[in-house]
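Open the model in your viewer and keep the selection box handy. We'll go stop by stop, with a note on what to pick next.

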Amino acid sequence: MTDPTISTAIASAIQSNKSEIALINTHIHSNPELAYLEFTAHSTLVHSLRHLGGFTVTSPAYGLPTSFEAEYGSGGRLIIFNAEYDALPEIGHACGHNLIASASLAAFLGVAAALKQSGQPGRVRLLGTPAEEGGGGKLKLIEAGAYKGCDACLMVHPGPQSKLPSGINAVSYVRMLANVKYRVYFTGREAHASIAPWNGVNALDAVCLSYNAVSMLRQQIRPEERIHGIFREAGTRPNITPADCCVEYYVRSTTRRGAEELGKRVLKCFEGAALATGCEWRKEDLPAYFDVRPSKALCKAWMEAVQPAGSVAWEDPTDFFQGSTDMGNVCYECPGFHGVFGIETEDGAANHTKGFTKGAGTQDALERALECGRAMAEVGWRVLADEEFAAEVRREWEEDMKVAGEN
């Protein structure tokens, strides 16, 4: 357990900066920005961190214009809190990334205060992680070395409270799906669709045929697996046989290897459709997200730290949050935590809807995020200060990576 004086320092730091965090949260929510274009969110966070003072702030960081790094402390172990802040096209912060940034900022300030009061060695880092929504920002940060030497990386994510049982406000041990992504191009030959349709090779036919093939494939996949896609380009005029069409698909499974194997089956649908229609086809691999493999030690510690006691479930309901995230890739670099907390939304609206966007902007949602951030700070402090706990986290992760390599 955390020393009561340290717990008080953490809580006091968050409380004293609550109005600043609230302003940042509102500003990010009110100014949604897409992947790699989060300049307002980035500058808002960086300006605030520099204004608060006492931190080493690097902006931009790791070669990404909308990433930043703030750090406090020296020596010892290193913990990282991820701050996401990208939004979705047309529906804004429908995944509540403003709340993720707020929770991680609160956790960072809490641990920094604990380090300052204790005088103990250790480093805490707030890492600005752009482009989670499909852009794979953390993959680029991994490549640039942002997580090198990290002893634990923590973050929380909002979900719909309506999917949680009474008395439960969050789930700690959240396994999320691995996700391989493809952009597929079909190339045919244009023709006048009325005067000489026989001269055309219809790329839209290949799109439709592959769509139906994927739909049939869904009958033979596991219940927890997912395949979904959209038409990016599907022709320009009804009287022109489409020569160039494009689709984009996400293929998800419980493990990295499982997603890759299912992806091979999906690619055969595209190959078959091209063969049947006489089109050429090619694929573009988009950033793949690995399965989230949370540290059980970190999850247990967070579950115990959140108030009120007993308000966090271990992993039920298991279908609470069956998406994918580039935090999964981070879990393959260092021990990771990705808890999910509920927020109230109208009519129980879930993530990636306008109703969730509205819920993510409420004061109640922010209060829940701040409590999650406080609990993360408690756990992060234990990684820095508790030798036995840090060793348990590291040992468990190393063993899990061996299992991941076999699956």
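**First stop: an aromatic pair**

Select Phe231: at 37% relative accessibility it counts as partly exposed (buried means under 20% relative accessible area, exposed over 50%, partly exposed in between, using a 1.4 Å probe and protein chains only). Before going on, note that this is a predicted model, where local features need pLDDT of at least 70, side-chain atom pairs count only at pLDDT 80 or more, and totals for chains, interfaces and linings use all residues. Residues are numbered from 1 along each chain as its sequence is written, and side-chain values use heavy atoms, with hydrogens and water left out.

Now add Tyr211, which is also partly exposed, at 37% relative accessibility. The structure holds eleven aromatic pairs (rings of Phe, Tyr and Trp, the last by its six-membered ring, pair if their centres lie within 6.5 Å; planes under 30 degrees apart count as stacked, over 60 as edge-to-face and the rest as tilted). For Tyr211 and Phe231, the ring centres are 5.6 Å apart and the planes stand at 90 degrees, so this pair is edge-to-face. Tyr211 belongs to helix H6 (residues 203-217) and Phe231 to strand S8 (residues 226-233), so the pair ties together parts that are 20 residues apart in sequence. Helices (H or I, at least four residues) and strands (E, at least two) are DSSP runs, numbered from the N terminus.

**Second stop: the four-stranded sheet**

Select residues 181-270, the stretch covered by the UniProt annotation "domain: Peptidase M20 dimerisation", from an unreviewed entry. UniProt positions are given in the numbering used here, feature names are shortened, and annotations may be inferred rather than shown by experiment. Over residues 181-270 the chain is 33% helix and 28% strand, with its end C-alpha atoms 14 Å apart.

Next, colour the open sheet of four strands: the order is S8-S9-S7-S10, and the pairing is antiparallel (two strands pair if DSSP finds at least two bridges between them). S8 and strand S10 (280-289) are the edge strands, each pairing on one side only. From one strand to the next, the twist averages 20 degrees.

Zoom in on strand S7 (residues 178-187), which is joined to S10 by eight bridges. Phe186 stands opposite Trp281 in S10. Keep those two and add Tyr249 and Phe270: together, Phe186, Tyr249, Phe270 and Trp281 form one aromatic cluster.

Then show the helices. H6 lies across S7, S8 and strand S9 (244-253), at about 15 degrees to S9. Helix H7 (residues 256-277) packs on the sheet, touching S7, S8, S9 and S10, and its direction makes about 15 degrees with that of S7. Contact means heavy atoms within 4.5 Å; axes are lines fitted to C-alpha atoms, for helices over the stretch in contact, and angles run from 0 to 180 degrees between N-to-C directions.

Where does the charged end of Arg282 sit? Over the ring of Tyr185, 4.0 Å from its centre. Lys181 has its charged end over the ring of Tyr250, 5.2 Å from the centre. (A charge sits over a ring if NZ of Lys or CZ of Arg is within 6 Å of the ring centre and within 35 degrees of the ring normal.)

**Third stop: the eight-stranded sheet**

Move to the open sheet with the order S1-S2-S4-S3-S5-S12-S6-S11, where the pairing is mixed. Strand S1 (56-58) and strand S11 (312-313) stand at the edges with a single partner strand each, so one side of each has no neighbour in the sheet.

Select Glu69: Thr58 stands opposite this residue in S2, and its bridge partner in S4 is Leu127. Strand S2 (residues 69-74) and strand S4 (residues 122-128) run antiparallel, joined by six bridges.

Now pick S5, where nine of the nine residues are buried, so this strand is largely enclosed by the rest of the structure. S5 pairs with strand S3 (residues 78-83) in the parallel sense over three bridges, and with S12, also in the parallel sense, over eight. Phe81 stands opposite Leu154 in S5, while Cys153 has Gly336 as its bridge partner in S12.

**Last stop: around helix H8**

Helix H8 (residues 296-305) lies across strand S5 (152-160), strand S6 (170-171), S11 and strand S12 (336-343), at about 35 degrees to S12. Select Ser311 in the loop between H8 and S11: this serine is buried, with a relative accessible area of 3%.

Finish on Trp314, in the loop between S11 and helix H9 (327-331). Trp314 counts as partly exposed, at 28% relative accessibility. Leaving aside neighbours within four places in sequence, its contacts include Tyr173, Lys296 and Met303.
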